Amino acid sequence: MKYYKNKPISSSEITPSYLFYARRKFMQLVGGATLAAIMPSTVWANDKLSASQNVTYNLKDELTPYKDVTSYNNFYEFGTSKEDPAENAKGLKTRPWSIVVDGEVKKPKTFDIEELLKMAPLEERIYRFRCVEAWSMVIPWIGFPLNELIKQVEPTGNAKFVEFISLHDQEQMPGQKSSVLEWPYREGLRIDEAMHPLTLLTMGLYGELLPNQNGAPVRVVVPWKYGFKSPKSIVRIRFTESQPVSSWMQAGPNEYGFYSNVNPDIDHARWSQAKERRIGEFFKRKTLLLNGYAEEVAQLYAGTDINSYF
Ligand code: MTE
């Protein structure tokens, strides 16, 4: 399979994923009408990435439109406003790309992106995605559980945490010329959180390779935590004995904790987390404990006061 970035393609070659999903919905509504009439003749999209649907985790909520998922982003390496990443990440070179996996592991290894794409069966998972800024989306991600990669490198008994490190390249990432965060972007998880089957190593969304602004070519998605715990464009995964310090903890230790589990009862230092604005909706929704994934992940925090995990 060849990968071309942002290739112009005609609708006769491929149904772009957002139209595919729009069409699926439309068919459900009207039972299939003259769809050709509403299809544009040429569209821009990334290469297709096929994956089987994971029925266990797929949410039934309405999907956030492709356009919003790919044009309302946080990716400070490309600017601090929501529109910046789609505009400024166009030139990010995502091939060749590899992830170094090292630290407290018996078998350190460098994974090439092409190898990652074939390493484990790709799954489509429709997850809620809740940003710390109190907005949310529902996104059909494509990837495989991070634990598939972790098992290959065999963490040692000292590996208690996992640190993720994003690309550091001022030439390609103009936002890194600003000191808004300490670069490279760094995030971390406890090892049992990283091993949890919901934690997804993500290479695509909406049936295609990740657009650059969404963290191409590979990112992590942790659906029960605030969005900043899902690092983009990662180049290194390091296993450590002590808890890593993330870029956000460094920037605002009173505002951004290591755990940052979605919790409507714990306010952010400057705003409430009780409600959220689902992008595309008018009325706010109540935020769910652990972003609605309590049944799956609450046991990770058993025996501890969940309110202290900020
Ligand atoms: N990863 C990197 N490298 N740089 C960032 O600025 N922003 C985080 C997270 N991962 C960020 C990052 C934040 S705050 C959010 S809400 C999500 O990415 C946004 O992901 P999305 O643009 O795909 O919705």
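**Exercise 1. Phe258 and its surroundings**

Task: In this predicted model, determine whether Phe258 is buried or exposed, and describe the rings and the charge placed around Phe258.

Solution.
Step 1. The relative accessible area of Phe258 is 4%. A residue counts as buried under 20%, so Phe258 is buried.

Step 2. The ring centres of Phe161 and Phe258 lie 5.7 Å apart, with an angle of 80 degrees between the planes. Ring centres within 6.5 Å make a pair, and planes over 60 degrees apart count as edge-to-face; the pair of Phe161 and Phe258 is therefore edge-to-face.

Step 3. This pair links distant parts of the chain, as its members are 97 residues apart. Phe161 belongs to strand E8 (residues 161–166), while Phe258 sits in the loop between helix H7 (247–251) and strand E14 (275–278). Phe161 has a relative accessibility of 11% and also counts as buried.

Step 4. With Tyr259, Phe258 forms another pair: the centres are 5.3 Å apart and the planes stand at 90 degrees, so this pair is edge-to-face. Both Phe258 and Tyr259 are buried.

Step 5. Lys229 lies over the face of Phe258, 4.3 Å from the ring centre.

**Exercise 2. Other aromatic contacts**

Task: State how many aromatic pairs the model contains, which residues ring pairs link into a cluster, and which ring has Lys82 over its face.

Solution.
Step 1. The count of aromatic pairs is 13.

Step 2. Tyr76, Phe228, Trp248 and Tyr256 are linked into a cluster by ring pairs.

Step 3. Lys82 is placed over the face of Tyr72, at 5.8 Å from the centre of that ring.

**Exercise 3. The second largest pocket**

Task: Describe the second largest pocket by its volume, its lining residues and their classes.

Solution.
Step 1. The second largest pocket holds about 430 Å³ of space.

Step 2. Its lining consists of 27 residues, of which Asn74, Phe75, Cys131, Gly227 and Phe228 are the closest to the pocket centre. Phe228 is also a member of the aromatic cluster.

Step 3. Strand E7 (residues 135–145) supplies the largest share of the lining, 4 residues.

Step 4. Sorted by class, the lining comprises 17 nonpolar, 6 polar and 4 charged residues.

**Exercise 4. Helix H5 and the residue after it**

Task: Identify which residues of helix H5 are buried, explain why they line one face of the helix, and describe Glu154.

Solution.
Step 1. In H5 (residues 146–153), the buried residues are Leu146, Asn147, Leu149, Ile150 and Val153.

Step 2. Viewed down the axis of H5, these buried residues fall within an arc of 155 degrees; therefore they line one face of the helix.

Step 3. Glu154 comes just after H5, in the loop between H5 and E8. Although Glu154 is not a glycine, its phi is positive, at about 55 degrees.

Step 4. With a relative accessible area of 30%, Glu154 is partly exposed.

**Exercise 5. Backbone features in loops**

Task: Locate the cis peptide bonds that precede Pro184 and Pro217, and characterise Ser260.

Solution.
Step 1. The bond from Trp183 to Pro184 is cis, with omega near -5 degrees. Pro184 lies in the loop between E8 and strand E9 (186–190).

Step 2. Ala216 and Pro217 are joined by a cis peptide bond with omega of about -5 degrees. The loop between strand E11 (208–209) and strand E12 (219–221) contains Pro217.

Step 3. Ser260, which is not a glycine, has a positive phi of about 45 degrees. Ser260 lies in the loop between H7 and E14, and its relative accessible area of 6% makes it buried.

Notes: Residues numbered from 1 in each chain as written. Predicted model: local features only at pLDDT ≥ 70, side-chain atom pairs only at ≥ 80, totals over all residues. Heavy atoms only, no water. Phe/Tyr/Trp six-rings, centres within 6.5 Å; stacked < 30°, edge-to-face > 60°. Helix = DSSP H or I, 4+ residues; strand = E, 2+ residues; numbered from the N terminus. Buried < 20%, exposed > 50% of the residue type's maximum accessible area, 1.4 Å probe, protein only. Lys NZ or Arg CZ within 6 Å of the ring centre and 35° of its normal. 1 Å grid on protein atoms, 1.4 Å probe; cavity = no way out; pocket = protein on both sides within 12 Å on 5 of 7 lines; lining within 4 Å. Points joined across faces, edges and corners; volume = space filled by probe spheres on them. Nonpolar A, V, L, I, M, F, W, Y, C, P; charged D, E, K, R; others polar. Arc of directions from axis to C-beta.
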